[in-house]
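Me: Could you take a close look at how chain A meets its partners here? A word on the sheet in one of those partners would be handy too.

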Amino acid sequence: MSAASASRTLISYVSRWRSGRVTKVGVVLLVAVVGLALIGPLINTSSPTAFLGAPLSPPSRDLLLGTDILGRDLLSRVLHGGITLISLAVLASVAGTIVGVSAGVLAGLRPGRTGQVIMRAVDLLLAFPAIVLLLVLATGLGPGPTTVVIAAFIIQLPGAARVYRAATLEVANLPYVESARLRGEHGLAFVVREILPNIARTLAADTGNRFTVSVLLIASANFLGLGLQPPAADWGLMISENRPGLYQQPLGVIVPAVLIAILAISVNMVADSLARRDESL
Amino acid sequence: MTRSGGASGRRHPIAAYIAKRIGSGLLVVLAEAIVVFAAVSFLPGNVVTAVLGRSVSPQGAALLIHQLGLDKPWPARLVTWLAGFLRGDLGQSLAAHESVTSLAAPRLINSTILALSALVLLIPFAVGVGAYTGVRAGHWADRVLSSVTLTLIATPEFVMGSLLAYIFGVSLHILPAVSLFDPGTGPLGEPAVLVLPVVTLVLVNFGYSARIVRAGVAESMQSEYVKMARLNGIPERRVVWRYGLRNALAPSIQMLALTAQYLIGGVVVVETVFQYPGVGLLLVDSAGTRDIAVIQALAVVLAAIYIGVNIATDITITLVTPRLRTSL
Amino acid sequence: MSQRVDPSQPLAVVVEGLEVALATGGRVVAGVDFVARSGEVLGIAGESGSGKTTTVLALLGHFAPGLEMVGGRIYIGGRLLNGLSERHLRSLRGRLISYVPQDPASALNPSMNIAGIVSEPLRSQSAVSRETRHVAVSSALRAVDLPDTPRFLRLYPHQLSGGQQQRVAIAMAMVREPAVLVLDEPTTGLDVITQSSVLGAVERLADRTGVAIIYVTHDLSVLSEVADRVMIMYCGQVVEEGPVADVLRNPRHPYSRGLARALPDLHHPGTLRGIPGTAAGPTERSIGCVFVERCDLAVPQCSTVRPALEVLDGGHLVRCTEVHRLAPTLELSEVNRDSSASERDLLAVNAISVRYPTRAQPLIALRAVSLSVRSHEVVAVVGQSGSGKTTLARAIVGLTPPSDGEIVFDNQVLSRLTRRRTPQQLRDIQFVFQNPYLALNPRRRVRSVVARPAQLLRALSKRDAYREADALLDLVRVPQALRDRYPWQISGGERQRIAIAQALATRPRLLVCDEITSALDVSVQAAIVELLRDLQHRLGTALLFVSHDLGLVANIATRIVVLHNGEVVEEGPSSQVLEDPQDAYTKELIASAPSASQTASPEVPGEGRTTR
């Protein structure tokens with residue numbers, strides 16, 4: 001294939017990619033990775049924590065991916081390594097969204113004292129670099145899965161509150177909302193009828209964002225040893241555990257790394273296309 | 001109004017504004033110091049068992065608590081700690097048995113070198129790509145680059161770093177996969193150790209920055225004043241630079257701030273991946289050993305830098321945007 | 001108004017048979033011919049969808065994405081534009097023909113000062129020296145009645161008023177002394193007094209420099225002040241054309257007549273009549289006369305044969321085969337202002353003030369304003385932007401709480417905040433907003449929107465409320481087909497009717513209307529005002545009608561209150577305020593208001609033309 005025709009093919013492939021195929025690719029990848037993570041523990045071949053062979057041995061017929069730095073079955077660890085990550089990320093993002101929506105909508109509807117107090121707290125939290133906050137919380141709470149979920153929740157909460165407050169402010173002063181006030185709508189009915197349906201766009205776009213951020217935070221936390229502790233099987237933790245053996249058995253690092261990358265990228269693709277689709281409404 | 005009267009009258013609002021921002025920034029740093037202190041001291045994780053192990057005797061525990069000053073009431077502890085900060089005494093590291101200052105200073109320098117190198121590469125790259133795609137918004141070049149940046153944004157630093165370490169360090173063997181060097185001497189003696197960490201930081205962040213710049217430039221290029229300039233025959237090149245790009249300066253400076261802030265966090269993970277002896281690696285190790293003094297001090301220092309960047313950006317944006325500058 | 005155009009002047013613009021089509025095939029501009037001479041001001045009038053903007057952009061060789069010129073020829077200053085490359089066209093723009101867009105605030109580069117903005121078109125000319133540039137900038141600014149002092153030149157656009165911004169844009173467009181200047185709705189959004197000064201500047205420009213000006217607008221009455229000839233467009237075609245006095249005082253085409261009847265004129269307040277129906281989009285137009293669906297004179301052949309432009313005397317052209325069936329002059333009916341108001345005060349506003357505390361000094365939007373409304377009465381609150389009229393309306397319903405004073409309704413003092421008022425109080429006073437596109441919850445269907453207030457404030461069951469909603473929608477003449485739809489599927493005029501129905505669902509005794517027609521086309525505006533009059537008669541609701549348009553208000557109000565800078569400057573029965581104003585500001589307002597009936601008035605230099 002000549003250089004010219006190769007570049008033409010590449011260009012047309014990429015432009016087709018952009019037009020909706022990205023979403024399909026993203027969805028497929030996402031389903032594949034999540035599927036692997038969820039079903040993995042069920043297809044269990046052998047125990048992820050048992051010492052089954054010499055450390056850092058290459059793939060063989062019994063151990064399809066070889067062993068990790070302590071001699072455990074790498075394949076089994078990979079199959080078990082995703083579910084905690086995803087469930088923790090889901091937990092953190094759901095909690096973050098619920099609290100973020102509540103705080104943000106409240107701050108938007110009551111911009112006076114209540115709103116100011118909420119936003120000052122938000123600004124204070126936002127002034128911390130995420131990783132620093134993570135480390136501080138880990139020091140205070142001690143490492144472990146609960147810690148990282150709480151940390152992930154706290155870290156993304158202010159960002160979510162800000163987003164929903166901005167969305168609420170955009171809507172709260174529109175004529176149809178003021179019109180609702182003029183006919184006596186108030187309380188929860190008011191929020192549910194007038195505000196929430198009209199910030200649905202933001203909700204959709206932001207939820208995708210939330211999940212992406214949570215996945216990255218928790219995976220990073222696990223990598224840094226602040227989340228799941230050995231001997232648990234977790235993709236992030238595996239990368240840091242097997243790093244010293246990178247020369248002899250790269251699979252211990254590469255496989256979980258690629259899996260995390262695919263997870264993060266596909267979530268991002270899907271979230272991005274959700275956001276773009278809503279823009280055109 | 002005489003000429004000199006006008007000039008000093010003008011100088012006052014800007015100086016006053018700067019002073020005010022710095023003042024409020026200091027207050028925020030103080031508030032954060034308190035938050036850090038509270039998080040580390042009040043949360044249930046037990047320092048004693050972490051440092052001495054689970055089977056510690058009550059007397060051993062009591063001795064350690066006294067040694068660390070944890071038996072004093074917390075307001076007193078807070079004040080002593082803050083006062084120490086002002087004196088330049090950041091406390092004692094438990095694990096290393098030396099003062100935090102002497103432990104952290106050379107590492108801070110190493111991290112700064114790392115961050116600055118990344119920033120120096122990142123800015124022209126991100127601004128260039130962002131401006132290019134913003135001006136040509138909708139073109140195939142824009143769409144290709146958008147897809148590329150989307151992929152890069154999503155990849156976490158430790159994944160990117162590990163993959164790069166494998167490809168260039170292990171398989172191709174051209175760069176060191178681990179950046180080991182004596183913390184005291186600094187990386188400049190062996191520049192090869194800087195390459196992979198810097199490249200990791202640049203790749204992961206460049207997409208995000210480029211997108212922000214792109215959005216600002218695209219918005220500016222679609223404005224009414226660009227349309228009017230074109231319809232009145234102003235040459236396209238001038239329209240792009242003086243009408244389009246010039247008015248996208250504010251969001252680009254914003255991007256710079258976000259990048260600098262990101263780097264503070266990114267440095268932590270990248271240093272861990274490559275075992276680069278900087279402040280980030282120190283922070284992570286200290287979290288593992290529950291070395292409270294180090295964590296507290298470094299957290300506040302990093303937060304202060306973060307806020308400082310914020311303030312500098314706000315001031316620059318105000319000075320660069322006529323609409324904001326004239327309302328001071 | 002400049003003198004009659006001299007036919008010996010050269011033709012600056014010649015357009016023959018212009019056709020512009022969408023990629024999908026519909027014609028946005030379908031066969032337009034016209035000419036404009038040096039020193040002449042040609043007005044192009046039309047409502048949304050008429051194709052007027054596309055036509056004038058074609059003069060610059062510019063087409064919006066998706067549009068393409070598929071027929072005709074364009075000559076600017078004698079040069080044929082067809083077939084020129086984009087680069088060539090670029091070099092002609094600014095030099096031969098230039099353009100000023102609608103919104104002055106967003107049309108000027110926010111990071112350039114006035115000197116930079118106005119001198120910009122000269123910068124690319126390397127042959128022009130700095131001194132020459134300086135001189136050209138000064139003369140361009142003076143040509144639009146702006147100062148050319150160093151202090152002014154250093155200012156940035158955001159530091160200028162709307163009128164000044166617009167004139168700076170015109171100065172920039174004129175600095176290279178082009179043969180043709182295109183002004184695209186330049187005074188829309190400016191208040192009447194500023195508008196008047198900009199129009200004055202435009203007129204003088206044509207006289208002083210000999211430039212041919214093409215003035216595009218949807219507001220016919222503005223053209224009476226500034227244009228020499230006028231061309232009325234509808235659905236992509238020219239339907240009438242001629243000297244401005246003739247066309248505006250004696251419109252001959254049924255559409256132009258419809259427009260004239262819909263135009264409020266404060267010197268001849270008559271019953272306004274809208275034109276039923278809406279203009280068809282480019283792909284749905286009839287192959288015969290484009291106006292056939294809305295015309296009462298239509299005969300069968302109007303649907304199949306496209307009429308040609310017929311010449312009536314005096315250079316007046318009309319595209320209608322039935323034109324001779326209409327009397328040559330337009331009869332305007334006289335208004336019948338209802339004065340059956342009761343003696344009792346329904347609403348009494350007592351010295352309310354609204355202050356916004358801001359950093360430097362508090363912004364005072366309203367200063368001790370008092371007024372009253374009696375049952376069945378229609379009170380109009382008139383003022384320009386910044387006068388506080390919207391703030392007043394909002395204060396009355398509690399959306400913007402006053403800092404001082406009180407509001408009394410039916411002898412009860414109302415709480416300042418909406419949420420502290422009783423359901424009875426909320427029921428009695430309702431509000432209609434200015435922007436129909438944002439006045440209805442986009443996630444609810446029409447019937448639900450109209451029924452809700454009845455459910456909430458009158459405790460009707462869902463079924464009864466829906467039945468009430470249907471009755472109200474009948475009253476405001478919203479067709480059945482639209483009632484199950486969502487607002488985004490419905491036109492602006494219809495949405496405003498629905499908003500009115502929604503407000504009436506609580507059977508209010510006072511309806512507050514805040515500029516409810518400013519976002520609508522003239523023909524639709526008239527229909528809404530007529531609807532309100534009708535409803536007011538039938539239901540006996542008192543109306544507080546806020547507007548900036550004195551002409552509109554002349555039609556419907558029994559009493560007028562004039563607001564300026566947050567204070568009441570004049571108040572009284574309509575006829576008295578309009579015919580015999582006492583206050584200086586009111587007099588200025590009335591003098592500046594453009595009116596179609598004032599075209600041939602003798603030159604009154606300086607009166608009402610405040611240069612700022």
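Reply: Here's a walk through the contacts of chain A, then the sheet in chain C.

Just so you know, this is a predicted model, in which local features need pLDDT of at least 70 and side-chain atom pairs count only at pLDDT 80 or more, while totals for chains, interfaces and linings use all residues. Residues are numbered from 1 along each chain as its sequence is written, and chains are lettered from A and ligands numbered from 1 in the order in which they are written.

Take chain B to begin with: 43 residues of chain A and 46 residues of chain B make up the contact (C-beta atoms, placed from the backbone, within 7 Å). On the chain A side, α1 (3-39), α5 (130-141), α9 (200-223) and α11 (251-279) each give at least two residues; helices are DSSP runs of H or I, at least four residues, and strands runs of E, at least two, numbered from the N terminus. By class, that side has 33 nonpolar, eight polar and two charged residues (nonpolar is Ala, Val, Leu, Ile, Met, Phe, Trp, Tyr, Cys and Pro; charged is Asp, Glu, Lys and Arg; the others, Gly among them, are polar).

Now chain C: the contact draws on 14 residues of chain A and 21 residues of chain C. Helix α7 (residues 175-182) of chain A brings the largest share of the chain A side, six residues. That side splits into five nonpolar, four polar and five charged residues.

As for the sheet, chain C has an open one of four strands, ordered β2-β1-β4-β5 with antiparallel pairing (a pair needs at least two DSSP bridges). β2 (27-37) and β5 (79-80) of chain C each have a single partner strand, so one side of each lacks a neighbour in the sheet. Strands β1 (residues 11-22) and β4 (residues 67-76) of chain C run antiparallel, joined by eight bridges, and V14(C) has Y75(C) as its bridge partner in β4(C).

Terms used. Two residues are in contact if their C-beta atoms, placed from the backbone, lie within 7 Å.
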